[in-house]
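This report walks through one protein chain for a reader at the bench, with the sequence and the coordinates to hand. It begins with a cysteine pair and goes on to the core, a polar and charged neighbourhood, a pocket and some residue pairs along the chain.

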Amino acid sequence: MFRIKTWIQNSNGWQRLWLVGVVASYIYLAIFVPFQESSSYSQSKFSDMREIEAEMKKTECAPYLVAQFSQLPTDAYIKSICSGLYYERKRLKSDELFSLKAYETEMNSRIRFSLHDDIKFGLIYATFLSAIVYALGALAAWVIKGFRKKEL
C-alpha cells in the first residue's frame, strides 16, 4: 500500500491522467457495459419466455411438451405455430418433459453466464487498453528525453 501511495505522490501529470483513465475504463468496460448488455439480453430472453408460455397454452403444441424430440411433429404448419417450443427443445437436446420452470432456470443460467463473460471481457479489454496507453506514454517520454539530452 505504501508503494502505491509513493508512486501516486511521485507521478507526473500524464501518469495521473493515465490512472484516472484506467479507473474510468474499468468502471465503464467492466461494470457499466456488461450490465447494460445483460439488461438487453434479459429483456430478449423474457420476451422469448412469454412467447413460449403462450405456445404452451395452445392445444396444437401439447406434443412439444411431452413427446421425445425425435417423435415431435414435423408438419411445417404445426412447427410454425409452435416454433419457440420446437427450437427450444432442439437447442436443449433433451428428451425430458419440457416445463416452464426448467426453462426459466436454464434461461437464468444463460443470462448469468453471459453477464460473467461480459465482465471478463471488459476486464481484459480495459487491462489491455491501459497497458497499451501506458506503453505509448512511456515510449513518447523516452523519445522526448532523447531529444532533450545534452550533447557532450
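Is the disulfide of C61 and C82 left-handed or right-handed, and why? The torsion about the S-S bond of this pair is about -95°, and the disulfide is therefore left-handed. The model is a predicted one, and what follows should be read with that in mind.

**The disulfide**

The sulfur atoms of C61 and C82 lie 1.9 Å apart, and because a disulfide is taken as a pair of cysteine sulfur atoms within 2.5 Å, the two residues are counted as bonded. By this rule the chain has one disulfide. The link joins distant parts of the chain, since C61 sits in the loop between helix 2 (13-56) and helix 3 (62-66), whereas C82 sits in the loop between helix 4 (76-81) and helix 5 (83-92), and the two cysteines are 21 residues apart. Both ends of the bond are out of reach of the probe: C61 has a relative accessibility of 0% and so counts as buried, and C82, with a relative accessible area of 0%, is likewise buried.

**The nonpolar core**

The largest nonpolar core is made up of 16 residues, and within this core Y64, L85, F98 and Y103 have the most contacts. At least two residues each come from helix 2, helix 3, helix 5 and helix 6 (100-148). Helix 6 is the element that gives the most to the core, with four residues.

**Contacts around Y103, E88 and R110**

Y103, one of the core residues with the most contacts, also takes part in a neighbourhood that holds charged residues. When its neighbours within four places in sequence are set aside, Y103 is in contact with K45, D48, M49, I52, E88, F98 and R110. E88, which is placed in helix 5, has a relative accessible area of 8% and is therefore buried. Leaving aside residues within four places in sequence, the contacts of E88 are I52, F98, Y103, E106 and R110. R110 belongs to helix 6, and because its relative accessible area is 16%, under the 20% limit for a buried residue, R110 also counts as buried. Not counting residues up to four places away in sequence, R110 touches Y41, K45, E88, R91 and Y103. Contacts thus link Y103 with both E88 and R110, while E88 and R110 also touch one another.

**The largest pocket**

A probe the size of a water molecule, rolled over the atoms, shows where empty space is left. The largest pocket has a volume of about 360 Å³. It is lined by 13 residues, of which W14, Q15, G137, A138 and A141 are the closest to its centre. Helix 2 and helix 6 are the elements that give two or more residues to this lining, and helix 6 supplies the largest share, eight residues. What is the character of the residues in the lining of the largest pocket? The lining divides into 10 nonpolar and three polar residues, with no charged residue among them.

**Pairs separated along the chain**

The table sets separation along the chain beside distance in space for three pairs of residues.

| Pair | Separation in sequence | C-alpha to C-alpha distance |
|---|---|---|
| A24 and A126 | 102 residues | 9.3 Å |
| F46 and D118 | 72 residues | 19 Å |
| V33 and F98 | 65 residues | 34 Å |

One member of each pair can be described further. A24 is placed in helix 2, and its relative accessibility of 42% means that A24 counts as partly exposed. F46 is also found in helix 2 and, with a relative accessible area of 34%, is partly exposed. V33 lies in helix 2 as well, and because its relative accessible area is 22%, V33 is partly exposed. F98, the partner of V33 in the table, is among the residues with the most contacts inside the largest nonpolar core.

Terms used:
Residues numbered from 1 in each chain as written. Predicted model: local features only at pLDDT ≥ 70, side-chain atom pairs only at ≥ 80, totals over all residues. Heavy atoms only, no water. Buried < 20%, exposed > 50% of the residue type's maximum accessible area, 1.4 Å probe, protein only. Core = buried A, V, L, I, M, F, W, Y, C linked by side-chain atoms within 4.5 Å. Contact = heavy atoms within 4.5 Å. 1 Å grid on protein atoms, 1.4 Å probe; cavity = no way out; pocket = protein on both sides within 12 Å on 5 of 7 lines; lining within 4 Å. Points joined across faces, edges and corners; volume = space filled by probe spheres on them. Nonpolar A, V, L, I, M, F, W, Y, C, P; charged D, E, K, R; others polar.
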